[in-house]
Amino acid sequence: MKTTDDTKGPASYFPSLERKYGRPIAEWTHLINASPLTKHMELVNWLKAEHGLGHGHANALVAHTLAESRSE
């Protein structure tokens with residue numbers, strides 16, 4: 001059965017991420033942007049170690065946040 005939500009890429013993880021970890025995406029992106037870390041995998045590993053995120057969720061958040069930062 002096809003869902004009506006056609007979100008693709010990293011943002012497709014966001015509904016389950018918010019449900020599982022109880023924080024809105026805006027809060028996660030703020031944490032990433034406030035971090036002194038700048039490299040993708042450093043940020044992914046930090047989210048996993050410090051905030052208990054799974055690899056897929058952390059990777060999606062970092063990819064989305066860094067892409068947004070570059071487009072500003």
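In this predicted model, α2 passes α3 in a right-handed crossing. The two helices pack at an angle of about 115°, and their axes lie 11 Å apart. On the α2 side the contact is formed by W28, L31 and I32, while α3 contributes L43, W46, L47 and H51. Sorted by character, the residues of this contact between α2 and α3 comprise 6 nonpolar and 1 polar, with no charged residue among them.

From α3 the reader can move on to the helix that follows the next loop. The axes of α3 and α4 come within 9 Å of each other and cross at roughly 135°, an angle which means that α3 is oblique to α4. Here too the crossing, that of α3 past α4, is right-handed. H40, M41, L43, V44, L47 and K48 are the residues that α3 brings to the contact, and they meet H55, A58, N59, L61, V62, A63 and L66 of α4. The residues of this contact of α3 with α4 divide into 9 nonpolar, 3 polar and 1 charged.

Several of these residues reappear when the interior is considered. The largest nonpolar core of the model has 14 residues, and W28, L47, L53, L61 and V62 are those with the most contacts inside it. Four helices, namely α1 (14-21), α2 (25-34), α3 (40-51) and α4 (55-71), each supply at least two residues of this core, and the largest share, 4 residues, comes from α4.

Two of the core residues with the most contacts, L61 and V62, show how the core is put together. L61 has its place in helix α4, and because its relative accessibility is 0%, below the 20% limit, L61 counts as buried. When neighbours within four places in sequence are left aside, L61 is in contact with F14, L17, I25, W28, I32, L47 and L53. L61 and W46, which are 15 residues apart in sequence, have C-alpha atoms 12 Å apart in space. For V62, again leaving aside neighbours within four places in sequence, the contacts are with I32, H40, L43, V44 and L47. I32 and L47 are thus in contact with L61 and also with V62.

Outside the helices, two residues are worth following. G54 lies in the loop between α3 and α4, and since its relative accessibility is 27%, a value between the limits of 20% and 50%, G54 counts as partly exposed. Beyond its neighbours within four places in sequence, G54 is in contact with Y21 and K48, and K48 is also one of the α3 residues in the contact with α4. The C-alpha atoms of G54 and S69, 15 residues apart along the chain, are separated by 22 Å.

The other residue, P10, lies in the segment before α1. With a relative accessible area of 31%, P10 is likewise partly exposed. Not counting residues up to four places away in sequence, P10 touches A60, A63 and H64, and of these A63 also takes part in the contact of α4 with α3. Between P10 and L31, which are 21 residues apart along the chain, the C-alpha atoms are separated by 17 Å, and L31 is one of the α2 residues in the contact with α3.

Key:
Residues numbered from 1 in each chain as written. Predicted model: local features only at pLDDT ≥ 70, side-chain atom pairs only at ≥ 80, totals over all residues. Heavy atoms only, no water. Core = buried A, V, L, I, M, F, W, Y, C linked by side-chain atoms within 4.5 Å. Buried < 20%, exposed > 50% of the residue type's maximum accessible area, 1.4 Å probe, protein only. Contact = heavy atoms within 4.5 Å. Axes fitted to C-alpha atoms, helices over the stretch in contact; angles between N-to-C directions. Parallel < 35°, antiparallel > 145°, perpendicular 65-115°, else oblique. Left-handed = near helix turned anticlockwise from the far one by under 90°. Nonpolar A, V, L, I, M, F, W, Y, C, P; charged D, E, K, R; others polar.
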